[in-house]
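Grab a coffee and open the model. Here are some exercises to work through, each with its solution spelled out in steps.

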Amino acid sequence: MSTEKNEPSTPAAGKPAEPTTWTGPRKRWVPIVVLIACMIAAAGLTWLLTTIFAHKQESKHPFTQVVEVTDTTYDPAVWGQNFPLQYEGYAKTGELNEEELVAHEPTETDPRLFVTQSKLETYPRLVNMWQGYAFSVDYREPRGHGFMLEDQQLTRRMTEFNQPGACLNCHASLPEIVDELGDGDQAAGWAAMNKLPYAEAVQHAGGPIACIDCHDPQTMQLRISRPAFINGIKALKANEGVPNYDVNQDASNQEMRAYVCAQCHVEYYFAGDDKTLTFPWTHGLTVQDAIQYYDEIGWVDFVHTDTGAEVLKAQHPDFETWSQGIHADNGVTCADCHMPYEREGAAKISNHDVTSPMESDASINASCLTCHHSTTEEMRQRVDTIQNRWYEAQDISFGAFDDFITDLSTAVKDGTASEEQLDLARDYQRRASFIIDYTISENSKGFHAPAYSISILNQATDYSRKGQLALRGVDVGSARGPVSSATPTPDR
Ligand code: HEC
Ligand code: HEC
Ligand code: HEC
Ligand code: HEC
Ligand code: HEC
């Protein structure tokens, strides 16, 4: 019966216990057996306790200190002796992954046999958008961290243009460079690196990002190594009413799991003749906050060859975009999806092969499915749906923009619009261009903040159409007026 089944089993009542009496020599072997049993049990218990203890130790310190690492241990292979599993994952970011590569005809300046897919081919309108700027000749998909230094040295944006040492901030292990250039004074070394010509600065680079860029060698805690982020987040917090924010002291561990990535995966510019790497965050992290910042300082990345507009170039605002999405709202960080935990014995290891979580069923399982009670297939579909919708929205907005700059180029050439109309249209171009660029150079194809990404594309479409109307003498108002929605984040 059902009640019986659920009843906890109790010893049968009423049965008297068997009397235990030692009777006669027949049972003299019993104490020996008991003794042996006790010895086995004791040995077993000792084994069990040591194993539990060892596992406990392992999960507290999932490594044994084989070598000492200090603030000048730049070589990740040395750290790898203490943390072989993390090192193994890290090393994978430098392995060729044929699926994401296309063949490349080697040239004298660029001997690579394989490169990643060209984004200029995926989004051909980018070439027109960037007329007069280095990006219009070469712009590709990213790949693993192990390639960051090589890919930077070999891009045509480097080999055919002069670039500053400031480029190294996000493409090399930084502590070694700034120690060397500053003779131990890291701030001086950083200032020196930024303004050196790239070819000179890169002589001091030991390799791509290493353990020391993200970890304190004594405690293995996450640590921010980049001055630009320290300054940027301080300005952002000050704007939120938190003065004198010191990220390495004040941030929680969970925040650091996003901040270490936000040292590089962000929109930036090089300020002044010193080429100081700077993040435009004093008004906040939205695309409109960045535009407001750049307007205030009168920043221009390049002048468009055909229209004469003073254009802003956006680059990889992965952190800023993520911050506008539902995962950030729920405290889900970059590391949760891109460096998910894996079990190794009793230890939890963060996967240091930083890559797309959608790479395989195993990676979807390790990241998404720790929170979503779903299947790998369904997660793939959800991401595909979001990315396809983003792609369509981007295509429509970019189509409008392309029409607009064609119109504006024509008007500049044939004199059909007044100087005032042209200037107003150029200001609309500046905004629309930045927003479209922003969401395309963001690397998740809309995933990090789906609704936000589409809402800003709507804004860009509106700017493009208003720019076209301005050329035709319609009163559309200033491009610098308030945006149609004060908080362009309907999903928050
Ligand atoms: C604030 C950090 C930062 C700075 C400064 C920076 N990069 Fe990058 N770069 C990144 C990140 C993050 C990626 C990977 C994401 C992407 O490709 O959008 C990347 C990707 C690249 C790539 C591979 C994809 C592509 O664009 O073709 C090249 C090449 C590159 N950067 C060159 C440069 C050059 C040249 C400079 C100096 C003008 C520079 N980077 C400065 C962060 C930075
Ligand atoms: C020192 C700057 C820097 C830091 C810090 C950094 N990245 Fe990157 N990341 C890059 C650059 C540069 C590339 C592109 C390398 C290339 O294309 O050669 C890249 C590429 C990537 C890729 C593409 C990998 C692939 O296989 O396609 C992902 C994903 C990524 N980073 C995520 C992260 C996450 C998550 C963090 C934080 C845990 C992080 N990055 C920290 C600079 C950085
Ligand atoms: C909720 C999970 C999640 C979080 C949190 C997250 N990402 Fe992503 N990220 C994704 C997905 C999904 C993609 C799309 C991958 C694809 O298309 O293969 C992606 C794409 C990327 C890419 C491009 C990868 C490639 O292979 O081209 C980069 C770079 C990246 N994210 C960086 C970051 C950074 C930096 C953060 C934190 C500021 C972050 N992500 C937070 C899930 C996440
Ligand atoms: C781009 C930044 C980054 C780099 C580079 C990096 N790590 Fe980590 N590491 C992380 C993050 C994020 C975590 C998770 C930390 C947390 O949640 O407290 C982590 C965690 C760890 C941990 C704690 C245990 C674990 O796996 O969660 C160890 C040990 C570790 N890393 C070793 C290394 C070693 C060794 C290297 C170099 C080979 C390295 N890391 C390079 C970001 C990085
Ligand atoms: C650490 C937990 C965690 C991880 C890991 C995680 N998510 Fe989420 N995800 C959430 C939470 C929490 C929400 C918000 C749920 C809500 O409020 O209804 C969410 C929401 C979503 C949404 C709805 C987005 C929107 O804007 O409405 C999608 C799609 C999604 N996640 C996909 C993914 C994918 C794909 C991955 C793996 C790459 C992933 N998630 C990894 C916790 C996580």
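Before counting residue classes, fix them: Ala, Val, Leu, Ile, Met, Phe, Trp, Tyr, Cys and Pro count as nonpolar, Asp, Glu, Lys and Arg as charged, and the others, Gly among them, as polar. This is a predicted model, in which local features need pLDDT of at least 70 and side-chain atom pairs count only at pLDDT 80 or more, while totals for chains, interfaces and linings use all residues. Residues are numbered from 1 along each chain as its sequence is written, and chains are lettered from A and ligands numbered from 1 in the order in which they are written.

**Exercise 1. Describe the shell around ligand 5.**

Step 1: find the neighbours. A residue is near a molecule if its C-beta atom, placed from the backbone, lies within 6 Å of it. Ligand 5 is surrounded by 18 residues, with I326, N330, P357, C368 and C371 the closest.

Step 2: ask which elements they sit on. Helices (H or I, at least four residues) and strands (E, at least two) are DSSP runs, numbered from the N terminus. Two or more shell residues come from each of α18 (326-329), α19, α21 (376-414) and α23. The largest share is that of α21, with three residues.

Step 3: sort by class. You should get ten nonpolar, five polar and three charged residues.

**Exercise 2. Do the same for ligands 2 and 4.**

Step 1: take ligand 2. There are 23 residues around it, and F147, D151, C261, C264 and H338 come nearest. Both α7 (148-154) and α19 (334-338) supply at least two residues of this shell, and α19 has the largest share, three residues. The classes come out as twelve nonpolar, eight polar and three charged.

Step 2: move to ligand 4. Here 25 residues form the surroundings, and the closest are F83, Q86, C211, C214 and S350. Two or more residues come from each of α3 (76-82), α4 (84-92), α12 (211-214), α15 (253-259) and β8 (347-350). By class, that shell holds 17 nonpolar, six polar and two charged residues.

**Exercise 3. At what angle do α9 and α10 pack?**

Step 1: know what to look for. Two packed helices are described by the angle between their axes and the distance between the axes. Axes are lines fitted to C-alpha atoms, for helices over the stretch in contact, and angles run from 0 to 180 degrees between N-to-C directions.

Step 2: read off the geometry. Helix α9 (residues 174-182) and helix α10 (residues 186-195) have axes 7 Å apart, at an angle of about 95°. So α9 is roughly perpendicular to α10 (65 to 115 degrees; under 35 is roughly parallel, over 145 roughly antiparallel and the rest oblique).

Step 3: list the partners. Residues are in contact if their C-beta atoms, placed from the backbone, lie within 7 Å. From α9, I177, V178, D179, E180, L181 and G182 meet Q186, A187, A188, G189, W190, A192 and M193 of α10. This contact has eight nonpolar, three polar and two charged residues.

**Exercise 4. Are H171 and A172 buried or exposed?**

Step 1: set the cut-offs. Buried means 20 or more other C-beta atoms within 10 Å of the residue's own, exposed means 12 or fewer, and partly exposed is in between, with C-beta atoms placed from the backbone.

Step 2: apply them. H171, in the loop between α8 (156-159) and α9, is buried with 20 C-beta neighbours. A172 lies in the loop between α8 and α9 and is buried with 25.

Step 3: look for partners beyond four places in sequence. H171 contacts M148, L149 and Q152, while A172 contacts L149, I177, A205, G207 and P208. The C-alpha atoms of H171 and Q152 are 7.1 Å apart, across 19 residues of chain.

**Exercise 5. Which backbone angle is unusual at N244 and K445, and where do they sit?**

Step 1: recall the background. Most residues other than glycine have a negative phi.

Step 2: check the two residues. N244 is not a glycine, yet has a positive phi of about 50°; K445, not a glycine either, also has a positive phi of about 50°.

Step 3: place them. N244 is in the loop between α13 (227-239) and α14 (247-250) and is exposed, with 8 other C-beta atoms within 10 Å. K445 is in the loop between α22 (419-441) and α23 (450-471) and is partly exposed, with 19 neighbours.

Conventions: Two residues are in contact if their C-beta atoms, placed from the backbone, lie within 7 Å.
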